[in-house]
Every structure is written in structure tokens, then in C-alpha cells.
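Here is a short report on one protein model. It goes from single residues to the sheet, the cores and the cysteines.

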Amino acid sequence: MSVAVTAPRRSIARGPLTLVHARPRSASRALTLAPWVLLGIFLAGEIYVCALQLNGPFLDEGIYVAAGLRTLQGHGISDDYLSWFSGSLIWPVIAALGWKVAGLAGARAAAAICVTIGLAGMLKACGNLLGTRIRAAAAVAAVTSGPVIALAHLAVYDTLAIAASGTAFWAITEFLRRDDRAWLCGAALLYALAGLAKYPSLLFIGPPLILLVLAIRGRRSMMDVGLFAFIAGAVLLIYFLLDRSQLTAFEGFRVKNNPNFNVSRTQIVYSQVYLTAIPLILAATGAMLIKNRRVGLALLTGVIGAPIYHLVTGNPSGDQKHVVFGLIFMLPLIGATIAHAMEGWRKLIAIPAILGLAAFGLVQVTRIDEGWADLRGSAKVLLKQVHPGERLLANSSWVDAAYLYDHGRLESPYDIYDASRVRELGNAINVCSFQWFIEVPGGESWPASIRQGMERCGDFRRIYRSTATITGLGGSLQFVTYRAPIEIWKNEGDVTPTGVRNLAAQGR
């Protein structure tokens, strides 16, 4: 009688993938808990900063809150946001729910939670790849990073994408550790979620996730990458088919509306260097310290997406947010460098260096947080005087739209016409038929013809004037702080909202 003999199944390695040169050490309980304690302190500090509301909402926060409020009331699709948003309506709804609970602080607290989730995923991935000591060092680097701290109290859809990116990174490493493709499927779904939150994140995080699989799985990686791409692509295709008319229009909108805000490519390059040079040097050093150099190179590719995106488009908007996607993959390598530097006599140099990096991070946070005007004062004036049915001209409209719509002063956020919309309508705008004219820093400035048309009406009276302090990167590649005017003009004439006169008829 023959007996079938089954070869024993290959055991699957559990625990870290041991990609470090140093001899493994048993981790103390304190070292194991340290990353999570630091992450808890980070979240508590960010929520405290959100509660302080040191600056008002900036343009993007106003957009997402207003769109989220409209979506909660059933107008998200009819308002046509998907034809010009660089992401779905998932984050706007989350931001609006936070806004309804606790105003701007609530929306920003939701962002802090999302970024913390992303960092937690990164730390889990770091532990899987490089072990406990390096994970603790990576946590130190994460909670002292200027771009990370700044992003965590901004109510923008990058934060949801970061949450999905970090957890996708973790799921990929669990797949590599366990050899269980259920984790690969989870990573693909999270990758798709990152793309739904913010479309460009697909470019930012795709290369390191795929290259990590190629670096470790060898010949089996082709099947893995194919399955990953199939699942993520299916989710994104389903989303596209749900409202393909608006999503098809998105491409045309982005081609026509890609403002550079008078920022040169030289400034874009300088900004990227300022934000990423030190982390990249530390990460590249860490890539040389780990045993599998291909893994190090895979993680380093996370840094290339944002510069390519900004240099190709020539659009500087959001560069300080986009570098965080690269940091999600560089932080484990930075942790390897810090852990190595903390051994033996090198501590004498490493500890002051870490304190210096933390101080530099705080400088970066301050500059980022002072990069837009606080419009809460002017919004308060409008809340007292604007009535439903009135129309407003505001060169940068969405911050005011969020406040006015939430308080029932607008029937729709589109009752405010901004500079971009006026430019599209061309000469069919009759400035005298609007009840309000507003000029604020941020976004596009009013064309001279619009300002002149308002002044020629003769019925507008300025009821509010203030200035805002803003810090930004100047053409000389130095950060400059300047004051910019905020003005509100009220039309006290007999306004006929339906009247339309060509701007040429106003004496132009």
C-alpha cells in the first residue's frame, strides 16, 4: 500500500524582517511603549492647537467645509464639485461634521486624528521592517517634523489621504511578514482610499508600496503587484463610473485652471529643498545602514512624487502638505539613522542634533501656519450684515462662504462670485448688480477692470478695512513677512440683481 507523503509547509517568519545590520536586541517594555506614548502626546498637543485656533481657516479649508455642508444637505453632486476637486467628497463630509460639532476646531481635530492614524500605520510598518528600537527613533522624528505637525491641524483632504497611506504601508509590511495575501488586498483598498481622498496621492505613494513588494518578494512579486493593481483599479473605476460626466470634466478644468500665483519654478525648487533636504539626507543614511539596500531605495522613492508633481505643473499650491507623503516612507529610514547615532559615544552628538532638528521643525511650523490671512474679522462683519438672496463679489470667496452658508446668510456658496469665476464669465458681469464687493489676500487678485468697475458704480461704500500679516517665500528666496489689506464694500444703491451690463458700458 502506497502512502502519500506531504512535504512540510514552509514556516512563515513572524516578527521583524530583520533588515538592519546591528545585532538584534531584546526590546524593553519602555522602548516598546515609547512610540505610542509619543503619538498620544502628539495627538493631544495637536487637538490643543486646534482648540486655540491661532489662525483662521485658509482657502482650502473653507472650500472643503462649505462643500461638505452642501453634501450633507444633498447638494454635493448637483453643485458640481467633482468637476474641479482633486479628490472625492469623503473628506469634505468629515470636515463638515467636525465643523458642525465644534466649528473650525472640530474640523481641524478630525484632521489631527487622521494624521495620527497615518503615523500609527507608519510606526507599525517600521516595527515590522526594522524592529522596535528603530520604531521608537522613527516616532521621535515623526513628532518633531515641521510639515507633519503643521498638516495635523489643517482641515484638508491631504490628512485623510495620509491616514490611508500610512495604514496601506502597514498592511503591505504585514503581507510581507505573514505571506498572507489578505493583507495585500487590504493594502490595495487603502491605497484606493488614499486616491479617493486626494487624487495626486496615487502618484506620491504608489512607487514605494510597489517597489517594496518587488524588493522582498522576488519572482512572486509579479502576481502580487498584479493583484494589488487589479483591486485598487477596480475601486477607482467604480468611483469614476458613478459620476463620469463630472470626473471627465475635471481633467479639462485642471488644464485650464492651473494658477502659479506668480511663483517661479526656482521658488518651487527652493521650497522643496527647504522642506525635504534634511529628512532626505537622514533617510539616505538610514538606507545605507539597513541590510537590504533595495528596501531602502524603495522607501526613498516616496520623496520623488511631490517635486515631480509641482515642477511639471508649475503649481506651488500645497507643497508643504505633499512632502508629508514622502515622509511617511522616509521616517523608518530616519529612525534607522537616529538609532545608530544613539549608540555609544555618538549620543553626545546625536542628542543636541535631535534637539536642533526639533527647533528647526518648530520654525517650519510657524512659517507654514503664518502663510495665509486670518479672515475671521471680515467674516464676522459679513455675518452681521449680509442677508439671504444677496450676491457678493469676493476675490477669494470660500472662507466667507463657509461661515455665511453655515449661518444661513447664503442660499448657496455660489452666491459669492470669486475672481476665477468672474474670469470665466468674462464681460457678462455687471459689478453694480452685486450688493457686496470684497478684496482679501489669498487666491487670485481682482482684475483691474473689476475694481475699476466697482469704483465707477458710485454706490459702493467701504464699511470695513483691516490688514493681515502673512509670511511667505519671496522671489529673492528668503522668507518675508508683509501686511496685506482686507476691504469690504457695500452697495447702497438700488441694486437690480437680474440686471446685466457689459463692463464696457461702465465707461471702460
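## Two positive phi angles

Asp 80 is partly exposed, at 34% relative accessibility. This is a predicted model. Asp 80 sits in the loop between H2 and H3. Its phi is positive, about 70 degrees, although Asp 80 is not a glycine.

Asp 179 also has a positive phi, near 60 degrees, and is a residue other than glycine. Asp 179 belongs to the loop between helix H6 (158–178) and helix H7 (181–197). With a relative accessible area of 26%, Asp 179 is partly exposed.

## A buried asparagine in a loop

Where does Asn 55 lie? Its place is the loop between helix H1 (29–52) and helix H2 (59–72). Asn 55 is buried, with a relative accessible area of 12%. That value counts as buried because the cut-off is under 20%.

Which residues does Asn 55 touch, leaving out those up to four places away in sequence? They are Leu 104, Arg 108, Asp 369, Trp 372, Ala 373, Asp 374 and Arg 376. Asp 369 also offers its backbone oxygen, which lies 3.0 Å from a polar atom of the Asn 55 side chain.

## The sheet

Five strands form an open sheet. Their order is E2-E1-E3-E5-E4, and the pairing is mixed. Strand E2 (416–417) and strand E4 (460–473) stand at the edges. Each has a single partner strand, so one side of each is left without a neighbour in the sheet.

Strands of a sheet pair through backbone hydrogen bonds, either parallel or antiparallel. Both senses can be followed from E3. Strand E1 (residues 392–394) and E3 run parallel, joined by three bridges. Leu 393 has Phe 437 in E3 as its bridge partner. E3 pairs with strand E5 (residues 479–491) in the antiparallel sense, over four bridges. Here Ile 438 stands opposite Ile 488 in E5.

Lys 490 is placed in strand E5. Is Lys 490 buried or partly exposed? Lys 490 is partly exposed, with a relative accessible area of 25%. Beyond residues up to four places away in sequence, Lys 490 touches Gln 385, Gln 435, Trp 436, Asp 459, Phe 460, Arg 461 and Ile 463. Take Arg 461: along the chain, Lys 490 and Arg 461 are 29 residues apart. Their C-alpha atoms are separated by 5.3 Å.

## Two nonpolar cores

The largest nonpolar core holds 131 residues. Which of them touch the most other members? They are Trp 91, Leu 119, Met 122, Phe 169, Ile 172, Leu 209 and Leu 392. Helix H3 (residues 90–130) gives the most to this core, with 17 residues. Apart from this core lies another, of 15 residues. Among its members are Val 431, Trp 446, Met 454 and Phe 460.

Now look at Leu 392. Not counting residues up to four places away in sequence, Leu 392 touches Leu 382, Val 386, Leu 404, Leu 410 and Asp 415, and also Ile 416, Tyr 417, Phe 434, Trp 436 and Ile 438.

## The cysteines

How many disulfides does the model hold? The count comes to one. Cys 432 and Cys 457 form it, with their sulfur atoms 1.8 Å apart. A disulfide is a covalent bond between the sulfur atoms of two cysteines. The angle about the S-S bond of Cys 432 and Cys 457 is -100 degrees, and the link is left-handed.

This pair links distant parts of the chain, 25 residues apart. Cys 432 is in the loop between helix H18 (419–425) and strand E3 (436–439). Cys 457 is in helix H19 (residues 448–457).

The table gives the burial of four cysteines, including the two of the disulfide.

| Residue | Relative accessible area | State |
|---|---|---|
| Cys 432 | 17% | buried |
| Cys 457 | 16% | buried |
| Cys 50 | 1% | buried |
| Cys 126 | 0% | buried |

Why does Cys 432 count as buried? Its relative accessible area is 17%, and buried means under 20%.

Terms used: Residues are numbered from 1 along each chain as its sequence is written. This is a predicted model: local features need pLDDT of at least 70, side-chain atom pairs count only at pLDDT 80 or more; totals for chains, interfaces and linings use all residues. Side-chain values use heavy atoms; hydrogens and water are left out. A nonpolar core is a set of buried Ala, Val, Leu, Ile, Met, Phe, Trp, Tyr and Cys residues joined through side-chain atoms within 4.5 Å. Buried means under 20% relative accessible area, exposed over 50%, partly exposed in between (1.4 Å probe, protein chains only). Helices (H or I, at least four residues) and strands (E, at least two) are DSSP runs, numbered from the N terminus. Contact means heavy atoms within 4.5 Å. A disulfide is a pair of cysteine sulfur atoms within 2.5 Å. A polar contact is a pair of N or O atoms within 3.5 Å; within protein, one must be able to donate a hydrogen and the other to accept it, and residues adjacent in sequence count only if both atoms are side-chain atoms. Two strands pair if DSSP finds at least two bridges between them.
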